[in-house]
Amino acid sequence: MGGDHAPRVVVEALRSARLQIPDIRFILFGDRNAIARYMDDGMKDYVEVRHTDQVIASDDKPSQALRRGKKSSMRLAIDAVRDGEAQGVVSGGNTGALMAMSLFSLRPIAGIDRPAIAGFMPTMRGESVMLDLGANAVCDETNLVQFALLGADFCRAVLGRETPSVGLLNMGEEELKGDEVVRGAAERLRAMDNPGFRYHGFVEGTDITRGVVDVVVTDGFSGNVALKSHEGAARMVAYTLRQAMTASWAGRLGAFVARGAFRRLRERLDPNGYNGGVFLGLNGVVVKSHGGANATGFTSAVRLAADMVRDGMVGRITRDFEQAGFKAEDPQPNAGNA
């Protein structure tokens, strides 16, 4: 379960998700007594509670979680996906522990060197996908090529863009910009035959929010910095507007007149609306909710997991990597070697 406001927020989110997806069912792993305080009788038809009092703390190291957390709610939920009892897992808990346990229990899809964390970014054109958001601080060119394939599959599944455009995040659009890893990945992406997406080329930081491409690919260090910068900028805009609108009677009058527009702006910038980082590349659906998400945010993460299950995301990725020539014993794609 996990998260700053669990189990209350989680139970409220399940109630909301059930209204939006009537055939969905849940298995909740956690403290039975704590969960029961927030459940109503009607939820017993679609929520099964499995008790455990072992938890993973937010500051536990991934290695500690693996050794000591075999009966934790996080591990039991992941194992339920491995054993076919559940089709996906959503957690608001420790990100490092969730990734380590998911890797150990579910294993990467054949041919994938490293799973990546993908998420949505609001843009001037709607939404785009960005990965990696923090799973791999250092990447080689093969990792970036694989992230492009993963991101395109994810974009097709959840945004419905059949042939998405993919860009590599760089310090400039020119082909000579960037380090050898980024330039090498770009060369291999250009050489791929029918990869299922349109390779756009390099994109800069300002292109992320402009929505220049459907999928932005980068290493986990740059991706995490970009994500946090984006969230910080959104908070600054909201704070500055609030200060300006309350500094004078004229500002307050203007805020009242434009309250509908400000409400839409707040909803657009609210990270709960696009909550949910997906661990792409595993033999199972794993979604990480923001630890501080409210019920709306956790519902978004549940819906995201349900969309991926409904799309057959894991099978789609497996097929696409086979077609691209990635194999477990040989991570080099045939097309890229041509």
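User: Looking at the open sheet of eight strands, what is the strand order?

Analyst: Keep in mind that this is a predicted model. The sheet is open and its pairing is mixed. Going across, the order is β3-β10-β9-β4-β5-β8-β6-β7.

User: And which strands stand at the edges of that sheet?

Analyst: An edge strand here has a single partner strand, so one side of it is left without a neighbour in the sheet. Neighbouring strands are turned against each other by 25 degrees on average, direction ignored. The two strands at the edges are β3 and β7 (198-203).

User: Let's stay with β3. Which of its side chains are buried?

Analyst: In general, side chains in a regular strand alternate between the two faces of the sheet. Strand β3 (residues 88-91) follows that alternation, with Gly-88 and Val-90 pointing to one face and not buried. The side chains that point to the other face and are buried belong to Val-89 and Ser-91.

User: Which residue in β10 is the bridge partner of Val-89?

Analyst: Strand β10 covers residues 285-288 and runs parallel to β3, joined to it by four bridges. Within β10, the partner of Val-89 is Val-286.

User: What about the pairing of β10 with β9: parallel or antiparallel?

Analyst: Strand β9 takes in residues 277-280, and two bridges link it to β10. Val-278 stands opposite Val-287 of β10. The sense of the β9 and β10 pairing is antiparallel.

User: Helices α4 and α5 both lie across β3 and β10. At what angle does α5 run to β10?

Analyst: Helix α4 (residues 73-82) lies across β3 and β10, at about 160 degrees to β3. Helix α5 (residues 95-106) lies across β3, β4 (116-123), β9 and β10. Its angle to β10 is about 175 degrees.

User: Now helix on helix. How are α9 and α11 oriented to each other?

Analyst: Helix α9 (residues 220-246) packs on helix α11 (residues 259-269) with the axes 10 Å apart, and the crossing is left-handed. Ala-234, Val-237, Leu-241 and Met-245 in α9 meet Phe-262, Leu-265 and Leu-269 in α11. The angle is about 160 degrees, and angles over 145 count as roughly antiparallel. The two helices are therefore roughly antiparallel.

User: How does α6 sit relative to α12?

Analyst: Helix α6 (residues 141-159) and helix α12 (residues 295-311) have axes 9 Å apart, at an angle of about 105 degrees. That makes α6 and α12 roughly perpendicular. The contact is made by Phe-154, Ala-157 and Val-158 of α6 with Leu-304, Asp-307, Met-308 and Asp-311 of α12.

User: And how is α6 placed against α7?

Analyst: The axes of α6 and helix α7 (residues 180-191) come within 8 Å and cross at roughly 50 degrees. The residues in contact include Leu-144 and Val-145 of α6 and Val-181 and Ala-185 of α7. The crossing is right-handed. At that angle, α6 is oblique to α7.

User: One last residue, Arg-316. Is its side chain's neighbourhood buried or exposed, or rather, does Arg-316 itself count as buried or exposed?

Analyst: Arg-316 is found in helix α13 (residues 313-323). Setting aside residues up to four places away in sequence, Arg-316 touches Asp-153, Arg-156 and Asp-311. Its side chain makes a polar contact with the side chain of Asp-311 (2.9 Å). The relative accessibility of Arg-316 is 18%, under the 20% cut-off, so Arg-316 counts as buried.

Notes. Residues are numbered from 1 along each chain as its sequence is written. This is a predicted model: local features need pLDDT of at least 70, side-chain atom pairs count only at pLDDT 80 or more; totals for chains, interfaces and linings use all residues. Side-chain values use heavy atoms; hydrogens and water are left out. Buried means under 20% relative accessible area, exposed over 50%, partly exposed in between (1.4 Å probe, protein chains only). Two strands pair if DSSP finds at least two bridges between them. A polar contact is a pair of N or O atoms within 3.5 Å; within protein, one must be able to donate a hydrogen and the other to accept it, and residues adjacent in sequence count only if both atoms are side-chain atoms. Contact means heavy atoms within 4.5 Å. Axes are lines fitted to C-alpha atoms, for helices over the stretch in contact, and angles run from 0 to 180 degrees between N-to-C directions. Angles under 35 degrees count as roughly parallel, over 145 as roughly antiparallel, 65 to 115 as roughly perpendicular and the rest as oblique. A crossing is left-handed if the near helix is turned anticlockwise from the far one by less than a right angle, and right-handed if clockwise.
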